[in-house]
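This report describes selected features of one structure for a bench reader. The topics are strand pairing, two helices and the surroundings of a ligand.

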Amino acid sequence: MNVKYNTRISKSGKEKGCISIAILGHVDSGKSTTCGRLLLLTGEVTMQEINSHEKYAESLNKKSFKLAFVMDKNKEERERGVTISTETREFETENKIVTIVDCPGHRLFQKNAIHGMSQVGYGLVVLSASDFIQAGMTVDEMFDKAPNAVTHVKLLRNFQVKKVIIGVNKIDEIGFDEVKYNNIVRNYTEVLKQNNYSNDIEHIKTRGAIPYEFIPYSAFNDINVETPASEISWYKGKTLLSAIDTLEARAYNDEDPAVAKLTGLAQPAGKGLILTATILSGVFRPGMKVIVKPSFKEIEIKSIESDRKTISEAKINDAVGFSFKGKLEKEDITKDSLISELNRAPKLADSFICKIKVEAGFQLSHKSDVQVYISTGRVSAVVEEIISIQDAKGAMGTTIPIKEGKKEKRYVPARRIAIIKLKPTKPTIVSPQGDNCIEQLSRVTINDGINTLAMGVIIDYTAAISEVE
Ligand SMILES: Nc1nc2c(ncn2[C@@H]2O[C@H](COP(=O)(O)OP(=O)(O)OP(=O)(O)O)[C@@H](O)[C@H]2O)c(=O)[nH]1
Ligand SMILES: [Mg+2]
């Protein structure tokens with residue numbers, strides 16, 4: 001093992017940790033405005049640019065969107081005042097190089113938000129403060145008020161992020177009121193608890209819980225984004241930028257196989273295809289021979305770009321563009337493609353075996369059709385076999401085999417652990433737990449189309465015929 005932290009030499013020549021954050025939350029909570037403010041405060045965008053956005057926004061009767069227009073670049077987004085597609089930018093804090101992926105909050109563009117979540121190591125869920133100020137709101141009431149403030153953290157937990165910051169934005173709209181802020185924190189903590197977010201070290205270690213932190217601020221009015229504000233002198237915690245600065249750079253093992261997930265493609269005039277991708281494991285370098293799956297196209301990396309600069313290495317969670325020596329066709333690519341180091345690529349599986357735990361209030365039936373989320377994508381599958389089930393009285397994790405021909409254990413009851421076999425409708429790339437495991441390819445969430453039924457890890461698989469040949 002040779003564990004390192006993902007770092008890069010910054011513009012100032014200082015070695016800084018690299019982190020990536022998806023900006024999530026309900027529509028209009030101020031996600032794009034937050035991104036605009038962060039880029040302005042860190043010098044990536046000038047006041048002149050904001051002023052010119054303001055003029056244009058004013059002509060559309062949307063003056064308050066001047067900061068959001070930094071991220072919302074296309075005509076439709078600007079005219080409607082909503083984010084449609086994700087937008088990625090980079091800025092630096094004192095100790096970190098930060099990639100932000102601004103996601104849409106509108107439910108019509110949920111797919112794009114999920115695409116954004118799948119690319120990052122951290123989440124910033126932006127709440128609009130006035131939504132949750134009433135004392136004792138239930139999770140259902142919060143969902144009714146701002147569905148994606150609840151749905152996004154639920155979805156995000158499938159993506160192995162290391163922490164979420166809950167940004168309580170628009171603190172000006174609740175008159176900077178401490179009591180109201182405390183109600184928001186109390187209310188929303190319930191949403192987090194229900195979805196396996198916890199700051200309890202034991203829960204983090206044993207249940208894979210994701211830690212969280214609340215930060216009050218106002219992106220539009222520049223309150224507690226970079227500097228502590230007198231308006232909320234009752235608040236003694238971090239500013240939004242200091243909370244971001246203290247997120248840990250992702251650890252990686254530089255001996256692990258290099259694997260990246262495709263996020264998009266571009267074809268600049270007169271040039272070859274450029275694939276944009278997020279690194280899941282290992283280190284990519286120019287000259288490396290790679291294989292694209294599921295097409296099995298082999299090709300060599302010519303150069304790697306990040307934020308329009310050429311870089312010599314791409315490491316965990318980096319969002320980069322690859323250009324290639326040789327010809328890569330659009331047919332070689334699907335939206336689920338993985339780019340991996342040749343001879344060390346994870347395999348396509350025809351079926352896979354998982355150890356899962358069924359969620360409270362649900363059961364998982366034999367032969368049922370389910371949707372399986374692996375953090376790189378989603379696939380339809382059938383629960384082909386229930387191999388063993390945890391004894392109701394047994395210790396956690398001990399399972400008893402189903403007896404041949406026995407009818408009654410045809411489903412896994414709520415809260416029970418089981419070993420099951422899933423058969424996807426198409427070969428799917430997985431990485432079972434164990435040596436060289438790629439975490440994002442080893443965890444599954446099983447969904448019935450609406451609800452999460454179970455979550456767990458992949459422990460084994462049967463390789464697809466295309467891998468065996
Ligand atoms: N009062 C107040 N308004 C804010 C604040 N931050 C953002 N807004 C306003 O909220 C509105 C929506 O802002 P956006 O940044 O576009 O919101 P969004 O979350 O990116 O929206 P989608 O991407 O469409 O989901 C704009 O009118 C902003 O000016 C704030 O701190 N205070
Ligand atoms: Mg937006």
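Two strands are taken to pair if DSSP finds at least two bridges between them. The model discussed here is predicted.

**Strand pairing**

Strand E4 (residues 87-92) and strand E5 (residues 96-102) run antiparallel to each other and are linked over six bridges. A hairpin of three residues carries the chain from E4 into E5. Within this pair, Thr88 lies opposite Val101 of E5.

Further along the chain, strand E20 (residues 377-390) has an antiparallel pairing with strand E19 (residues 369-374), and E20 also pairs in the antiparallel sense with strand E23 (residues 417-424). E19 and E20 make a hairpin, with two residues between them. The pairings are set out below.

| Strand pair | Sense | Bridges | Opposed residues |
|---|---|---|---|
| E4 and E5 | antiparallel | six bridges | Thr88 and Val101 |
| E19 and E20 | antiparallel | six bridges | Gln371 and Ser380 |
| E20 and E23 | antiparallel | seven bridges | Ser388 and Ile419 |

**Helix H1 and the ligand**

Helix H1 (residues 31-41) contributes three residues to the shell around ligand 1, the most of any element. The shell has 23 residues, of which Gly30, Thr33, Ser64, Thr83 and Gly105 come nearest to the ligand. By class, the shell around ligand 1 consists of 11 polar, seven nonpolar and five charged residues.

H1 itself is mostly covered, with 10 of its 11 residues buried. Thr33, one of the residues nearest to ligand 1, is among the buried residues of H1. Others buried in H1 include Lys31, Cys35, Arg37 and Leu39. The buried residues of this helix pack against E3, helix H2 (47-59), E4, E5, E6 and E7; the hairpin strands E4 and E5 are thus among the partners of H1. Just after H1, Gly43 adopts a positive phi of about 80 degrees.

**Helix H6**

Why is helix H6 (residues 147-156) described as largely enclosed by the rest of the structure? Seven of the 10 residues of H6 are buried, so the remainder of the structure largely encloses this helix. A residue counts as buried if 20 or more other C-beta atoms lie within 10 Å of its own. The buried residues of H6 are Asn148, Ala149, Val150, His152, Val153, Leu155 and Leu156. Their cover includes three strands, E3 (15-24), E6 (122-128) and E7 (163-169), together with helices H4 (110-117), H5 (139-145) and H7 (178-194). E3, E6 and E7 also appear among the elements against which the buried residues of H1 pack.

Technical notes. Residues are numbered from 1 along each chain as its sequence is written. Chains are lettered from A and ligands numbered from 1 in the order in which they are written. This is a predicted model: local features need pLDDT of at least 70, side-chain atom pairs count only at pLDDT 80 or more; totals for chains, interfaces and linings use all residues. A residue is near a molecule or strand if its C-beta atom, placed from the backbone, lies within 6 Å of it. Helices (H or I, at least four residues) and strands (E, at least two) are DSSP runs, numbered from the N terminus. Ala, Val, Leu, Ile, Met, Phe, Trp, Tyr, Cys and Pro count as nonpolar, Asp, Glu, Lys and Arg as charged, and the others, Gly among them, as polar. A residue is buried if 20 or more other C-beta atoms lie within 10 Å of its own, exposed if 12 or fewer, and partly exposed in between; C-beta atoms are placed from the backbone. Two residues are in contact if their C-beta atoms, placed from the backbone, lie within 7 Å.
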